[in-house]
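Morning, everyone. Please have a look at the model on the screen, and I'll walk you through two spots in it.

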Amino acid sequence: MNDVEAIFSLKTGLLDARKFRSSQATKRISALRLSNFQEVENSHSAGINTIDLEKVEGRYLLSGGADGSIHIHDVLNLSGNLQFTCKNVGKIDRQSNRHCHKYSVECVQWYPLDTGMFLSSGMDKNLKIWDANAQVPADVVLVNGKIYHHHMSPNATQHNLVAVASTANQVFLADLRSGSTTHELRSHTSSILSVKWSPMQEFQLASGSMDNRLLMWDVRAARSCLFSMDQYNGRNHADVEKTTAHNGNVHGLSFTADGLFLISVGTDCRMRLWNTETGRNEMVNYGKISMESKKGTRFDISSDTEPQMIFVPSQGNILVYELTTGIKRATLLGHYNTVTCCAYNENVQSLYSGANDRNILVWAPESAEAIREEPVNKGAALGPRSIVPRRNLTEDAWSSDEG
């Protein structure tokens, strides 16, 4: 069914609106390439460790750097021109703001319901809650350990807890109302690298550690974890000391939008799909994924496509996989150094990626046909780009070879 037939079927009620949107989103994702028309202003002076796109408007992109700086970028094109640059509309660094992190920023996150607040954490052991407009911290929580990652629940209505992963062996839960840590989840035996709240069960939390284990928690019963993910499905969940999720550090986690599945990545160069109700390894083979980061990998999952896609950094590239089959659909090339993070924008089916080359790149569904048909504003600046040229857009874009 072509687009004209699909639109006719949609208007006549023969095609479900959700299926139509999903099919169009999948088609656009299939044409992802390094954007020739959109770029993010190059404002970082050190490698980029983390990015986060707010979900309220899908307009503001946060980024945190190895030099302790935090930047806010406006990615919405209001110029009317085909070619535009996402301007830096906020900057917190050591020269301009005394509240800046002293050391590397490892994680940034927008408050889920409002763009007026965001959180940051890093190697200075501080979790900071920022007023985005005044660019000053409203509160600071000191944690016992260098912070690798933090996460605030996107759907919680009964708590305001932020889970914090650090060099300590326990997960800290910081309460935004009291401005202090209120709980500690103890079962890991080494530093914790990643934490994620379930998007559907507000008290369910996952944590990945250097002890090679992935634990699932109900924070209302914090004395012990619900179960430990076993890569071999041995169902020996009672003895959490012996079950491992990876043969290496678990340094990246992400739930699917419905909360039914959890993706984990590890330093064993493997990515695994888990059933969050049973803890079962779904045994999807994604192949070997080379990862250089030992601290954490920030990847993302599309929720508006069928099948859902995983965007995962791998050395200087971004690999795109089908969630349930493990088929590798694309290798996105463009960065000059290790890619550390990426964030998917489901509003326009675009992808943002940050790397140690200090650049944030934009990947958009721009086909040659779309470019020819797009009306160009006469005032559009179509001259040379302001940042350094990059490598070829894609390599074997959207091939069907398995990972």
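Start with Thr340. Thr340 sits in strand 27, which covers residues 339-345. Keep in mind that this is a predicted model.

Is Thr340 buried or exposed? Its relative accessibility is 10%. The cut-off for buried is under 20%. So Thr340 counts as buried.

What does Thr340 touch, leaving out residues up to four places away in sequence? Here is the list. There are Ile48 and Asn49. Then come Gly296, Thr297 and Arg298. Pro313 is there too. Gly354, Ala355 and Asn356 complete the set.

Take Ile48 from that list. In sequence, Thr340 and Ile48 are 292 residues apart. In space, their C-alpha atoms are 7.2 Å apart.

Now to the second spot, a sheet. Three strands make up this open sheet, in the order 20-21-22. The pairing is antiparallel. Which strands are at the edges? Strand 20 and strand 22, and each of them pairs on one side only. On average, neighbouring strands here are turned by 25° against each other, ignoring direction.

Let's go through it strand by strand. Strand 20 spans residues 250-255, and five bridges join it to strand 21. The two run antiparallel. One facing pair is Val250 and Gly266, with Gly266 in strand 21. Strand 20 and strand 21 form a hairpin with five residues between the strands. Look at Gly259 in that hairpin: its phi is positive, near 75°.

Next is strand 21 itself, residues 261-266. How many of its six residues are buried? Five, so the strand is mostly covered.

On to strand 22, residues 271-275. Again, five bridges join strand 21 to strand 22, and the two run antiparallel. Across this pairing, Leu262 stands opposite Trp274 of strand 22. Strand 21 and strand 22 also form a hairpin, with four residues between them. In that turn, Cys269 has a positive phi of about 65°.

One reminder for when you look at side chains. In a regular strand, they alternate between the two faces of the sheet.

To recap: Thr340 is buried in the model, and strand 21 pairs with strand 20 and with strand 22. That's it from me.

Note on methods
Residues numbered from 1 in each chain as written. Predicted model: local features only at pLDDT ≥ 70, side-chain atom pairs only at ≥ 80, totals over all residues. Heavy atoms only, no water. Buried < 20%, exposed > 50% of the residue type's maximum accessible area, 1.4 Å probe, protein only. Pairing = 2+ DSSP bridges. Axes fitted to C-alpha atoms, helices over the stretch in contact; angles between N-to-C directions. Contact = heavy atoms within 4.5 Å.
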